[in-house]
Amino acid sequence: MLSSTPVYKPDRLLILDDDALTGQTILNMARIAGIEAQFTDMPDEFFRLVQSWQPDFIAIDLIMPRMDGVQVLIELAKLDCQAEIIISSGVGGRVLDAAARSASEHGLKLLGVLAKPFSPAKLRGILRRGIPPATTEDAPAPPSNNAPYVPSKEELMAALQRREIHVAYQPKINCRTRLLAGFEALARWRHVEHGLIPPDTFIPLAEQSGLIDPLTEYIVAEALTWLAALPGQFATLPEHPYLARRLNEVSLAINISNRSLSNLTLFEKLEELCYATGVTPQRLILELTESCATEDPVTALDVLTRLRMKGFQVSIDDFGTGYSSMVQLARLPFSEIKIDKSFVTTLSQHKESRTVVKAIIDLGHGLGLYTAAEGIENFDTLEYLRSIGCDLAQGYAIKEPLDAEGIHEWLSSQHRDDEQHRLGVLHSLGLLDTPSDERFDRITRLATRLFNVPISLFSLVDENRQWFKSHTGIDVRETPREHSFCSHAIQSDQVMVVEDTWLDPRFQNNALVTSTPHIRFYAGSPVRVGMGSRLGTLCLIAEQPGTLDDKGRTLLKNMSVMIESELAGDYLAHIDPMTRLLNRRGFDARCDDVIGICNSAGLHACLFLIDLIDLKRFNQEHGPAAGDRALREFARLLGRVFRGSDLSARYGDDDFVVLLIDATPPGPERALSRFHHAAQSLYQRIPIHYQVGWTMLEPGDNMQQLVARASQRMHAHNETA
Ligand code: C2E
Ligand code: CA
Ligand code: CA
């Protein structure tokens with residue numbers, strides 16, 4: 001019978017679970033709680049009931065054989081379901097969190113998550129009050145009594161005009177070297193009456209009220225001005241030249257709202273601001289959330305491409321929380337993936353988080369993107385991220401967001417000589433007690449040649465010894481720290497020279513002076529990583545007294561900087577796996593440095609370009625395995641003919657280059673005839689023809705000009721064997 005007066009109607013709960021026992025349990029608990037409930041394990045039946053019975057609450061299992069929970073959520077969203085949803089499942093917290101996010105992003109009302117095993121009390125609790133969806137770690141602490149202050153559009157506008165909005169900067173570091181990589185600018189509103197208003201409150205307000213673009217512009221102007229002035233604050237202090245140089249290169253990340261994506265004038269303004277402040281667009285990282293790709297993929301592709309063409313870097317912020325597919329991701333020209341902090345803060349608790357983070361890092365690298373993680377709250381997490389190859393890290397454990405003054409203090413304190421910190425950085429690099437490495441040996445070999453000394457070392461000073469990562473001219477791998485010259489040299493950023501140890505009271509009675517290797521002359525230039533932590537030195541040793549003039553000191557310094565670049569660079573990406581020589585990227589990354597060294601030391605250099613003309617034919621006739629062997633033999637031949645200090649690389653599929661350092665004529669001709677000779681005997685076994693082009697380094701040359709000239713000469717002369 002129908003009644004026109006409102007009558008009491010009990011709440012209705014519909015349960016979908018493939019496990020009858022679980023379903024029945026929830027059903028019973030609901031009925032005890034005075035709720036009308038129905039249970040089904042059939043999706044069809046379930047959707048029929050959703051429409052006909054109109055439940056107030058729906059409880060669904062996430063993992064069912066015929067249909068998964070997320071799919072059910074999507075279907076419910078399509079039906080415009082108004083019921084409040086409870087997710088029940090026996091899966092781990094992460095999956096529940098993800099499903100919870102998925103539900104609310106589909107516009108469903110999520111009441112809570114009921115993790116198994118559950119109790120009637122838990123269910124009652126959810127049905128009465130609801131529990132917050134998804135993770136709660138990132139949410140600001142709920143105010144105890146008074147609700148958070150909600151500002152109006154007018155107030156926000158006034159705040160912008162009164163410059164009440166400030167920028168906080170959070171440092172971002174390289175996981176492996178711990179070198180400062182950049183800062184993220186985060187907006188802060190210090191309200192005169194209501195104190196600090198979190199960005200999570202006023203950014204959405206700005207977006208809704210059309211103030212987001214002026215706000216972004218304001219933040220960028222302030223942040224760029226700050227960044228441009230930062231190196232200058234350290235340049236005048238004699239202890240900080242290294243830091244000032246670093247600060248000239250670090251990046252600045254800016255959050256860009258999805259709403260701004262269609263506003264091209266905003267990006268034009270950002271470009272102008274870059275030029276006005278002298279910070280190149282390459283140093284600006286625009287952080288966009290993943291949803292920009294899903295909301296309007298066509299605009300996203302168009303705008304992102306233009307932004308990259310302007311030189312900006314573009315990062316996908318909060319990655320892992322949205323729905324971008326691999327295809328979308330691969331199509332869009334992002335330069336960085338920033339893994340959402342909800343996965344990072346839970347790395348140590350949830351195995352699922354570790355799996356997700358590892359997968360994102362592999363995905364990012366597979367697409368040639370930098371990977372960054374935010375929300376690093378402890379050093380174990382940082383160490384874990386480093387071990388799985390994450391490039392960049394940001395979080396409270398490194399430093400919380402600070403105002404300009406706070407950052408200045410932090411930078412100064414970072415640089416203070418803190419032995420504990422230095423040792424931490426040294427150990428985190430994982431270099432100690434590892435096999436010798438060609439990239440450092442090349443530099444110490446070059447140092448013995450250029451300075452005409454018998455011994456050159458790349459030393460690392462740890463708690464109680466100096467250990468040699470590279471040692472040219474001496475077979476010793478380590479000496480006790482108390483005898484170490486290098487532990488003196490790492491006390492400052494300058495090159496330390498001891499012209500004659502016999503005359504220096506610090507070293508006269510040193511065991512390395514009075515017995516082998518009888519050090520008489522020593523020069524060491526500190527090798528730095530991180531925020532300038534001096535790990536050890538590149539040093540020169542001789543048995544005779546000697547001097548090092550200013551030019552020599554600069555040269556040694558430049559060579560220690562080459563070691564620093566090797567430490568900071570991505571070496572694996574620079575190696576040709578077949579021949580173990582440098583690949584083209586590896587050669588290109590080093591060639592200009594070597595040219596610089598030759599120019600500053602007044603040395604001749606010469607470039608050989610060698611092209612294996614009929615490698616393709618050889619491959620076809622003898623098979624690819626024989627072709628690979630031929631390439632390896634050829635690489636070994638280069639190793640025999642040219643010096644270990646020269647820079648050789650596999651430059652293309654069938655091209656090799658060798659940059660001969662300190663090659664005064666007729667040195668190059670001699671090297672060429674040695675090469676022809678060796679190649680002829682190899683030809684007996686491996687009949688492949690080659691052609692060579694070579695050229696001397698000329699004043700003003702850079703790498704490209706040098707390679708281009710060698711290539712022209714090769715084609716002109718056709719010095720074919
Ligand atoms: P976001 O872009 O994901 O920024 C990172 C947030 O994580 C910041 O919150 C930061 O303080 C916080 N955070 C940093 N390290 C940790 C950590 O170790 N653990 C945890 N749990 N959190 C950490 P913040 O500053 O409150 O900013 C919140 C959000 O507001 C930002 O999230 C961003 O989406 C938005 N936002 C902030 N400034 C701007 C802005 O200038 N423009 C736009 N469009 N959005 C902004
Ligand atoms: Ca961000
Ligand atoms: Ca983020």
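Colleague: How do the residues lining the largest cavity divide into nonpolar, polar and charged?

Modeller: This is a predicted model, where local features need pLDDT of at least 70 and side-chain atom pairs pLDDT 80 or more, while totals for chains, interfaces and linings use all residues. Side-chain values use heavy atoms without hydrogens or water, residues are numbered from 1 along each chain, and chains are lettered from A and ligands numbered from 1 as written. The lining (residues with an atom within 4 Å of a cavity point, on a 1 Å grid over the protein atoms alone, where a 1.4 Å probe fits but cannot get out) includes Leu612, Phe634 and Tyr690. With Ala, Val, Leu, Ile, Met, Phe, Trp, Tyr, Cys and Pro counted as nonpolar, Asp, Glu, Lys and Arg as charged and the others as polar, the split is nine nonpolar, no polar and no charged.

Colleague: Which helix gives the largest share of that lining?

Modeller: Helices here are DSSP runs of H or I, at least four residues, and strands are E runs of at least two. H25 (624–641) and H26 (667–685) each supply at least two lining residues. The largest share, three residues, comes from H26.

Colleague: Which residue coordinates both calcium ions, ligand 3 and ligand 2?

Modeller: Ligand 3 has Asp317, Asp318 and Glu374 as protein donors (N, O or S within 3.2 Å for Ca), at 1.8 to 2.4 Å. The two ions are 4.0 Å apart, and the residue coordinating both is Asp317.

Colleague: Is Glu374 buried or exposed?

Modeller: Buried means under 20% relative accessible area and exposed over 50% (1.4 Å probe, protein chains only). Glu374 has 9% relative accessibility, so it counts as buried.

Technical notes: 1 Å grid on protein atoms, 1.4 Å probe; cavity = no way out; pocket = protein on both sides within 12 Å on 5 of 7 lines; lining within 4 Å. Donors = N, O, S within 2.8 Å, 3.2 Å for Na, K, Ca; no water.
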